[in-house]
Amino acid sequence: KITETGAVQENSWALARYGAICQENGLVPIIEPEVLMDGNHDIEKAAQVTEHVQATVYKAMHEQGLLLEGTLLKPNMVSGGSENLTKLTEMDIAAYTIRTLQRTVPVAVPGVVFLSGGQSEEHATLNLNMMNAMPAKKPWRLTFSFGRALQQTCLNVWKGLDENNEAAQQAFLERCRVNGDAQMGTYKGGSGDTTSLFQSNYAY
């Protein structure tokens with residue numbers, strides 16, 4: 001039976017091995033050590049676990065000789081568990097996420113491209129915006145690599161109907177535009193769906 005620590009180590013080694021293979025073949029690896037939102041843990045516990053995971057991943061990447069300047073990190077934002085009812089602000093999530101990155105991600109890494117991890121479109125964008133707007137040491141570019149938080153409105157508009165193609169494309173472009181604003185810290189809010197996109201035991 002593999003322990004929790006053993007699971008983190010094994011997955012970190014696999015991510016680093018993937019990264020090394022990408023670089024050996026002229027590709028830029030996107031390293032994605034996602035910590036899922038499932039559970040009733042608070043944001044402090046989420047930060048602790050995310051720090052442990054990211055530190056272990058970068059240790060494995062160092063041991064396998066990756067060129068950090070030729071990598072991107074795709075992590076979760078740090079937030080409380082899906083069953084935790086504590087109300088968190090964008091500043092809470094941004095501050096804990098930035099602190100976690102400061103403690104674990106080397107300056108040599110050029111960019112951090114966040115996944116949305118089940119947050120609503122609007123919350124994912126607002127949290128990214130706050131990270132870029134708040135004053136803090138941030139030597140990396142903080143941007144987005146959202147899946148569900150880019151697609152939800154687009155899919156709702158499209159409904160699988162050809163006659164909705166253009167409207168769906170415009171909805172998708174609007175989500176891209178506002179997240180572009182968020183990566184500059186200039187998003188004003190109010191354009192996204194606030195419905196949670198969390199799915200328990202989500203698997204890719």
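Q: Is Cys-154 buried or exposed?
A: Keep in mind that we're looking at a predicted model here. The cut-off for buried is under 20% relative accessible area. Cys-154 sits at 16% relative accessibility, so this cysteine counts as buried.

Q: What about Cys-176, with its relative accessible area of 26%: which class does it fall into?
A: Buried would need under 20%, and exposed would need over 50%. With a relative accessible area of 26%, Cys-176 is therefore partly exposed.

Q: How many disulfides does the count come to?
A: A disulfide needs two cysteine sulfur atoms within 2.5 Å. For Cys-154, the closest cysteine sulfur is in Cys-176, and at 9.1 Å that's too far for a bond. Turn it around and Cys-176 has its closest cysteine sulfur in Cys-154, again 9.1 Å away and too far for a bond. So by the 2.5 Å rule, the count comes to zero.

Q: How much space lies in the second largest pocket, and which residues are closest to its centre?
A: The second largest pocket holds about 490 Å³ of space. Its lining takes in 20 residues, and those closest to the centre are Val-8, Glu-34, Val-35, Val-49 and Val-53.

Q: Which helix gives the most to the lining of the second largest pocket?
A: Two helices, α1 (4-24) and α2 (43-63), each supply at least two residues of that lining. The top contribution is seven residues, and it comes from α2.

Q: How many nonpolar residues does the lining of the second largest pocket have?
A: Split the lining by class and you get five charged and five polar residues. The nonpolar class comes to 10.

Definitions and conventions. Residues numbered from 1 in each chain as written. Predicted model: local features only at pLDDT ≥ 70, side-chain atom pairs only at ≥ 80, totals over all residues. Heavy atoms only, no water. Buried < 20%, exposed > 50% of the residue type's maximum accessible area, 1.4 Å probe, protein only. 1 Å grid on protein atoms, 1.4 Å probe; cavity = no way out; pocket = protein on both sides within 12 Å on 5 of 7 lines; lining within 4 Å. Points joined across faces, edges and corners; volume = space filled by probe spheres on them. Helix = DSSP H or I, 4+ residues; strand = E, 2+ residues; numbered from the N terminus. Nonpolar A, V, L, I, M, F, W, Y, C, P; charged D, E, K, R; others polar.
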